[in-house]
Amino acid sequence: MPQHRALEQWVDQVARVTRPDRIHWCDGSEEEHQVLIEGMLRDGTLIGLNHQRYPGCYLHRSHPSDVARTEHLTFICTSRQEDAGPTNNWMAPAEARGQVGKLFEGSMRGRTMFVIPYLMGPAGSPYSKVGVEITDSPYVVVNMRLMTRMGKIALERFGGSDSFVRGLHSLGDLSPDRRFILHFPEERLIWSIGSGYGGNALLGKKCHSLRIASWIGREEGWLAEHTLIIGVEDPAGQVTYMAAAFPSACGKTNLAMLVPPAEFSGYKVWTVGDDIAWMHIGSDGRLRAINPEAGFFGVAPGTSVKTNPNITAAVDRNTIFTNVAVTPDGEPWWEGKDPTPPDGLVDWRGNPWTPGKEPAAHPNSRFTVAASQCPSISPSWEDPEGVPISAILFGGRRARVAPLVYQAYSWQHGVFVGAGMASETTAAQSGAVGVTRRDPMAMIPFCGYHMADYFAHWLNMGARIACPPAIFHVNWFRTDSHGRFLWPGFGENIRALKWILERVRGQGEAVETPIGFVPTPDALDLDGLRLPDGTTDELLRIDTDAWDAEQAEQGLFFDRLTPRLPDEIRQEHAMLRARLSRLSVSVNAVEPPRAL
Ligand code: GTP
Ligand code: SPV
Ligand code: MN
């Protein structure tokens, strides 16, 4: 392949260091796929599932210490530390090359080195980008084949150019002590060693499409976001596109595939993407989103015919399951799939499962499946121009504080709402679960540069968009005093989407509150839902004390970003403070005067 000289030189250079037994250039064909699958079935990397019920489906059990993204081992290696910012781990490029380069020496001995050219984005889109991942993991190859457009299609796209994102991945010895996920955004380069897990190893996903792409997006004037994309069709057949940024395991896949309840049968949600959006200003001046991915790497637990019938229908064939449990009949199983677990389960580690102690499937067990298999996939999901975005939703897991839904007053206020986001941590990353952390725009683990510059980029984008999307915040996860969810979620989330749709069209009743426009209780269509008395009020309540504390927490986070923090964010933060104090003044004013 003489036309790909830069690529060939890089492959040679990597092979001289990593010393693989063989080099295989991936073409993405069915034959290649079958050979890889057979090899992995032979060496135990994959386990066959029930081929009558789940044709073309396999189970992979990862190393038990390698089941989630490891953010503490993820680094941004910019020449200047201040460009990575205080929220990213940073390593100097030379030090990173020295320290981690040693780990790659001979790391592929006895293994095959796979070269995977891939395209992020639809084939004919001007916004799509080429990457090449070199890996010694055949599991990575078969996943990349589902998650990206792989092989010939990518080589054709980049021709002889040397401007592609280079990703080097080796399983190494899988030890967390020798695990590093490094990004060199200035060189469009990724080095990942010591992990076979999704976000650490499928380099087209978080490493390329978010950390490197966010850097490129700032240079080129577009946004790379941890965001689903949907089209919401109303009973008149009009489709309105929305993007929603929620942190990992906070409901993007599920919202992207929402099936409304019977009362809303005139509405339909079309899936464009479930995890990542690249958003450009189109020739019409509107914000347009493409999904750079070609598949879904989704959370298994909690997925059922009831919660997500679309994905349930998609993952019954040609799907790779990672760290789920298996039934005696060889079917994949996870918590929430059925109300009662079947007898005789084998857990995600491969041991007989005893109910009551540990979950049978790992809480971050996942499925990998082609987007084209999803029944709700949008007819526009591969539109080269992307779909026009009318609303952007931010959201997270907040047991308290954040109401079910509210709307920002303006683009600038909306950027502040995104910048001030927080969410409870989940099993998608290693570490404690359920700890509230600041996670602006759901990008804290994924922004490849200084967060303050990222907010400035968002503000600049708004000024350039002809008709900027309206910005909202949602929270499906508010709980009562017993820790039970107040809101039924899943398909019922259409009720919040309907209000959002109305607001976008200049309709829908709302009250002005210190935090933004909140729906009046009557403005939410709750027909047929029968929530217990008082629940709606509680879901929409703004607890001023809690918001005072929230505003203070936001301030501590913003302080970490000074002096680069844009003035607009400081101003919005101060305005929130002022609105909150006015509210408490007026609340106090209506209280009966205390007896002296
Ligand atoms: P990543 O792939 O990690 O980026 O996650 P995601 O944002 O796509 O999250 P996903 O939709 O896979 O949901 C994660 C978990 O939250 C699953 O266990 C879901 O069942 C659960 N979940 C999703 N939507 C809702 C909801 O509306 N209410 C409740 N209570 N749980 C939800
Ligand atoms: C996430 O953690 O946000 C995911 C899964 O979507 S991973 O590919 O591991 O990043
Ligand atoms: Mn994600």
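A cavity is a set of grid points where a 1.4 Å probe fits but cannot get out, and its lining residues have an atom within 4 Å of a point. In the predicted model examined here, a search of the whole structure yields four cavities of 30 Å³ or more.

The largest cavity encloses about 140 Å³ of space. Its lining comprises 16 residues, among which Y406, V417, G420, W547 and Q554 lie nearest the centre. Helices α11 (411–419) and α15 (544–560) each contribute at least two residues to this lining. By residue class, the lining of the largest cavity consists of 10 nonpolar, four polar and two charged residues.

For the second largest cavity, a volume of about 90 Å³ is obtained. This cavity is lined by 15 residues, and P247, S248, Q429, R437 and D439 are the closest to its centre. The lining of the second largest cavity contains four nonpolar, six polar and five charged residues.

A metal site is also present in the model. The manganese ion (ligand 3) is coordinated by K206 through NZ, H226 through NE2 and D275 through OD, at 2.2 to 2.4 Å. The site has six donor atoms, and the angles among them run from 69 to 173°, an arrangement classed as irregular. Along the sequence, the donor residues follow the spacing K-x19-H-x48-D. K206 belongs to helix α8 (residues 204–220), whereas H226 lies in the loop between β12 (223–225) and β13 (227–233); the pair therefore ties together parts that are 20 residues apart in sequence. Both K206 and H226 are buried.

Methods
Residues numbered from 1 in each chain as written. Chains lettered and ligands numbered in written order. Predicted model: local features only at pLDDT ≥ 70, side-chain atom pairs only at ≥ 80, totals over all residues. Heavy atoms only, no water. 1 Å grid on protein atoms, 1.4 Å probe; cavity = no way out; pocket = protein on both sides within 12 Å on 5 of 7 lines; lining within 4 Å. Points joined across faces, edges and corners; volume = space filled by probe spheres on them. Helix = DSSP H or I, 4+ residues; strand = E, 2+ residues; numbered from the N terminus. Nonpolar A, V, L, I, M, F, W, Y, C, P; charged D, E, K, R; others polar. Donors = N, O, S within 2.8 Å, 3.2 Å for Na, K, Ca; no water. Tetrahedral: all angles 85-135°; square planar, octahedral: opposite > 155°, others 65-115°. Buried < 20%, exposed > 50% of the residue type's maximum accessible area, 1.4 Å probe, protein only.
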